[in-house]
Amino acid sequence: CDNFEIAFKSLKKYSIFSKVEIFDGSAKFSILGINFDIKDKLDFENIYCMVKTTDQLNFIIIKKNNNHNLLNQILCALPIENKIILRGEYYWLFHLIKCGIAIIGKENSKKYLPQIFNLDALGGLSFNKGCYTGQEVIARTKYRGKVKRRCIPFKTISRIQVSRKDEIKNNKDICNSENEIIGTILNYTFNPNKKNSYIYGFMIIKSFDELQSEDQKLKIKLSENESLEITQLELPYSILI
């Protein structure tokens, strides 16, 4: 993750207040996302992940402490019976976009309020806990202001050659029918197994209300004479206005 260095330095500052050691374990451990149907098999009150060490692959349950809502117990769980197929980041991004979860990389770190990434709708923000970085601004936005910008998923109307992916990387502006820039691409992905694929992504829209009130024709402007039309997708949860 390109945010590792930022997160590591931020957490390191607080280690002096507790008997804890913070170190870079990325050479030994890696966390893999799981994509399979766990309905009727597992307890949704727990959090599940795959942890890969240098010599084995473990399926892990992280149990919640009901009294404090903290993650406090790690247990090895069900044995893996099915063949494991490892996919690349583009597959993982596709499923995150479907779930309405944005990825904040290094270039966007510390630039936006967490509400813009819909973390208030996802339960990723506390408005009761005091004293954390940005808490005053976050709380003031909720109780006194309004979140105008939001992350919205999108899909291209037509397919694009996967070999042209760098054109999207270098042209991230979202424009309306009048060629006015109304947003920017945060994340995007495609199917790398196909020569031609739809592009799926997350865009940060400057005015969420305006997008909802008008039937806007949106596009990614690749050059002066070429653009990709996109359509916004529905989020799997409700935005808190």
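**A walk from Tyr132 to strand 8**

Let's start at Tyr132, which touches Leu125, Ser126 and Ile138, once residues up to four places away in sequence are set aside. Keep in mind that this is a predicted model. Tyr132 sits in the loop that runs between helix 2 (89–99) and helix 3 (135–143). Is Tyr132 buried, partly exposed or exposed? Its relative accessibility is 24%, and buried means under 20% while exposed means over 50%, so Tyr132 counts as partly exposed.

Tyr132 also takes us to a pocket. It is one of the residues that lie nearest the centre of the second largest pocket, together with Ser109, Lys110, Pro114 and Thr133. In general, rolling a probe the size of a water molecule over the atoms shows where empty space is left. Here the space in question has a volume of about 1100 Å³, and 27 residues line it. Sort that lining by class and you get 15 nonpolar, 8 polar and 4 charged residues. Which element gives the largest share of the lining? That would be helix 1 (residues 4–12), with 5 residues.

Back in the loop between helix 2 and helix 3, two more residues deserve a look. One is Lys110, which we just met by the pocket centre and which belongs to this loop. Its phi is near 70°, a positive value in a residue other than glycine. With a relative accessible area of 74%, Lys110 is exposed. The other is Asn118, which lies in that loop too. Asn118 is no glycine either, yet its phi is positive, at about 65°. What about its accessibility? Asn118 has a relative accessible area of 0%, so it is buried. So the loop holds a positive phi at Lys110, which is exposed, and another at Asn118, which is buried.

Now for a different loop, the one between helix 1 and strand 1 (30–32), where you'll find Ser15. Ser15 has a relative accessible area of 15%, which makes it buried. Leaving out neighbours within four places in sequence, Ser15 is in contact with Val20 and Ile22.

From the loops, let's move on to the strands, and to strand 8 (residues 181–189) in particular. Why is strand 8 described as largely enclosed by the rest of the structure? Because 7 of its 9 residues are buried. Strand 8 has strand 7 (residues 173–175) as an antiparallel partner, with 3 bridges between them. These two form a hairpin with 5 residues in between, and in the turn Asn179 has a positive phi of about 65°. Strand 8 also pairs with strand 10 (residues 200–205), again in the antiparallel sense, over 6 bridges. Gly183 is a handy place to see both pairings: in strand 8, Gly183 is the bridge partner of Ile174, and Gly183 also stands opposite Ile205 in strand 10. If you trace side chains along these strands, remember that in a regular strand they alternate between the two faces of the sheet.

Finally, step back to the whole chain. It has 5 helices and 12 strands. Of its 241 residues, 32% count as buried. Among contacts with a separation of 6 or more, 58% are between residues 24 or more positions apart. The chain exposes about 16800 Å², and carbon and sulfur atoms supply 50% of that area.

Notes. Residues numbered from 1 in each chain as written. Predicted model: local features only at pLDDT ≥ 70, side-chain atom pairs only at ≥ 80, totals over all residues. Heavy atoms only, no water. 1 Å grid on protein atoms, 1.4 Å probe; cavity = no way out; pocket = protein on both sides within 12 Å on 5 of 7 lines; lining within 4 Å. Points joined across faces, edges and corners; volume = space filled by probe spheres on them. Helix = DSSP H or I, 4+ residues; strand = E, 2+ residues; numbered from the N terminus. Nonpolar A, V, L, I, M, F, W, Y, C, P; charged D, E, K, R; others polar. Buried < 20%, exposed > 50% of the residue type's maximum accessible area, 1.4 Å probe, protein only. Pairing = 2+ DSSP bridges. Contact = heavy atoms within 4.5 Å. Areas by Shrake-Rupley, 256 points an atom, 1.4 Å probe, with all protein chains shown as cover.
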